[in-house]
Each structure stands twice: as C-alpha cells, then as structure tokens.
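Q: I'm new to this one. Can you pull it up, and we'll go through it piece by piece?

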Amino acid sequence: LQNIVSKHSSQFRGNAQHDALEFLLWLLDRMHEDLGAASPAQQSRGTTQVGRPLGGEAFGPSLGPVTPGCAERQSSLTCPHCLKQSNTFDPFLCISLPIPLRQTRALNVTLVLQCERWRFVRVGLAVPLLGTVADLRAMVAREGRIPPEQVILAEVSPRGFLRSLSDPEALRAAGEAAPVYAFQPPPARRAGTAPRSDWLRLRPAPRGLAASARAALRLAGGGNCPGLAGSRGSLIGGPRLLPCTARSSDCLHRAPGSRILLLLCNTAGTGPQLTRFGPPLVLREERSVSWEQLQQNILAQLRGVLRGDVRSQGTGTLFRIRLAGGSAPCTYLSPQDPRPLCHPAVDRALQLSGTGGPPHVRLTVEWDMSTKERLFGSIQEEVVQDAESVQWQQQVHGQQHSCTLDECFQLYTKEEQVRAPRA
C-alpha cells in the first residue's frame, strides 16, 4: 500500500510520519477523481457536481447529481426581523465532529447553620461551568427551600475572609482560591420579640443534599436550624472615604437604630504566621452598639469554645477589629469610638454591596497569640461534617466523560444566534 501511494503522491514517500486525516482526505479525493473518470455516465455529463446523499446518482435539489463518496451540508441563516432565510450548500468528503464537554463541575460548599450551636455541613454541588454566582446561590437556596436573596456566599481561607461572592460574577473561579461558605444569618426581629421558628426545611433526595445534610446534623449533635438569610455579596472594595482616625460622628446618612449583618472571622498571629481559628460567625447588630457591647456579643457567640474559667471575663479591649478586604487593609474600628459600627468605612462597605442579598460587612477580629492561648487554648478551625453528596459529586466528575455519535452530531448542528455587526 505504501509503495502504491508513494507512486501517486510524493509527500507520502519515505518513512516519515504523516497526519492520518490528511491521508484520508487525499485518498478520498483520488478515489473521487478515479470513480468519476471511470464512470461513462459521468463522462457523458461533463463536469462533476457534488450531490447530497452518500453513493448512488440521485439528483439533489441544489447542486445536481450526486458523486459516490461525497455528501453535502446545508446551512440556513434566518433573519429574526424579516424571517427571510438564506440557504447555503457546501460539499464535503469528511467532517470533524466536536466532542461535547462536561458542562458542570463539582463544587463543595460549607453551610454555616444556626442551630442550638453552630453547625457546619459541607455539601457537594454540580455547578455549571459557564454559570454565575446567581446560579450557585439559587442551587443553595433551592436545596434549603429559602429565598435566594437570603444566602451569603463568601470564600474563607485559613487566613480569613477573602471575598464575598456577588451574583454577576462568573462561577468558574468560585472556590479556586479558598473554600466557599454559605452563611445563615440570624433572623431579623424587633426588639423584645422572640426568635422566629421557621426552621430550615431540606427537600427529600435519595442521594442529594437534603438527606445527607440531615444525617450530618444528627452526627454533629442535632438541633433545630432556622432558615438561611444573607447578603448581597462583595463589598469593602475601593479606597476609604476617611482615614483610620475617622469617628462615627463623621458618618453621613447613618441610622443609629438600624441593624446590619456582620461576618466575623477570628485570627491570631502576624505576617506568615497569621491563621484563622474558631468558627466564622454571623451577627446582626445595632449600628449604635458600643465597643464594649460589641465585644461582649462576639464573646457570647464564642462561648462554646471559650475556656470555662474566663467566660465571665469581659473587661478591657481583648482584640482589634479590622474591615476585611478592599484596598484599605489597615482600616480598624476604634475602641474609643462610642459607635464603632457608624464608622464611615462601614457605611461605604454597605453602599458597595453587590447584588444577591442584603448588605453585610466582613470584619476580621485580630487576637494576639498570648490572649488567644489564654482564652481559647490550642483551638483551630471549625469541625465540618461532610454530606454524602460530597463524595458522590467527586466520583461522578472524576469519571471519564463519554458521549454518543448522535450527541456529537447534535452539537455540530446546534442552532446559533449571530449578533449583527455594530455600525
């Protein structure tokens, strides 16, 4: 075969390696020429024209008679305004079919649930590759049967908060820099009223999030969990409105009686030794709260991990509070400020909240190592229970993706919308 081919084409002479598709095209082309030259019917008709079906000599409506071994592709272009259609017929010997790729990827999301104690459940989701954060927020909300605008999504690394996720952002980068957390803020309530009793309801699913999340909660100790609530996404971006020495009296449009959502992360150490410890927290605080009361509320949220002999300790300044993210990493709330949450930087963070939920502010509570060891000991990060969906999604997306020839043809002939060129 090699000797015969070499006599008709010099490019295939010798022992060099050649492209298989190039050889196939050359072989079909030569067969096309030889069959056309050897057929008396073709010689009587003169110039060969390419038809639509494979084999035979039936006449196609566009290009005339059909040549054996060839086919024809029809492309249609329809104007969406006048509905005029233009058809194009292209002859071909072979086509290259695209292979459909997997359209989802596995993403683990840690649900931070407010029960009798904090509960952390890691679930596995199949998120679309070309989706947005709004799709992820809707998936979490659908599994928990709560409104999507009541879910706070944020990336939390071993060093603290990285960023909040806003709905318009592309989903392809979510979870790559740090694990994704879905926070459930405390329910909004007026002063003097009891907490709401709308507990989190997870829809039944044989291998999905709901059943596995319930099982993980039972393993963690159980407890009733209220529905998720949340935020609009990324904030604290851009420069500070005022320097770090600004006081709450400089804050414009403040509402002392309003309540805001605070995402808290506790860290200890400095520089490369900076590390997060304890669970990330969500608080709903009054804007007019004092530093002492804010410190007491934070310690109350950490009472489960505080040492028993220091639970009543609350005098003095135990830590510093820094606004996380943005281009101003040195923006700290002042203990001397009578209303630290009315700081203009907090106001700016609320104004720059992204879409997807109610505004929130990310705060980093910085402890020195000696105070941290004295109050918390050697506590590290929170303990997270894995739902069954985590392993299941990893197995599904870890398998080699397969497809049928029909799916390849469907992708090849898929309708596309072409935008009109700009004037």
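Q: Glu381, is that buried, partly exposed or exposed?
A: Glu381 is partly exposed, because its relative accessible area is 36%. Buried means under 20%, exposed over 50%, and partly exposed in between (1.4 Å probe, protein chains only). Bear in mind that this is a predicted model: local features need pLDDT of at least 70, side-chain atom pairs count only at pLDDT 80 or more, and totals for chains, interfaces and linings use all residues. Residues are numbered from 1 along each chain as its sequence is written, and side-chain values use heavy atoms, with hydrogens and water left out.

Q: What does Glu381 form a salt bridge with?
A: Arg276, with the closest N and O atoms 3.2 Å apart. A salt bridge here is a side-chain nitrogen of Lys or Arg within 4 Å of a carboxyl oxygen of Asp or Glu.

Q: Where do the two sit?
A: Glu381 is in the loop between helix H8 (369-376) and strand E15 (385-386), and Arg276 is in strand E11 (residues 275-286). They are 105 residues apart. Helices (H or I, at least four residues) and strands (E, at least two) are DSSP runs, numbered from the N terminus.

Q: And Glu382, what's the distance to Arg276 there?
A: The closest N and O atoms of that salt bridge are 2.9 Å apart. Glu382 lies in the loop between H8 and E15 and Arg276 in E11, so the pair ties together parts 106 residues apart in sequence. Both Glu382 and Arg276 are buried.

Q: How many salt bridges does the structure hold?
A: Twelve. One of them joins the side chains of Asp167 and Arg137, at 2.7 Å, N to O. Asp167 counts as buried because its relative accessibility is 18%. Arg137 is buried too, with a relative accessible area of 1%.

Q: Which residues are linked in a network of salt bridges?
A: Glu155, Arg163 and Glu169.

Q: New topic. Where is Leu83?
A: Leu83 is in the loop between strand E3 (71-78) and strand E4 (85-92). Its phi is near 60°, a positive value in a residue other than glycine.

Q: Is Leu83 buried or exposed?
A: Leu83 counts as exposed, because its relative accessibility is 62%.

Q: Last one: which helix holds Leu25?
A: Leu25 lies in helix H2 (residues 20-38). Leu25 is partly exposed, because its relative accessible area is 35%.
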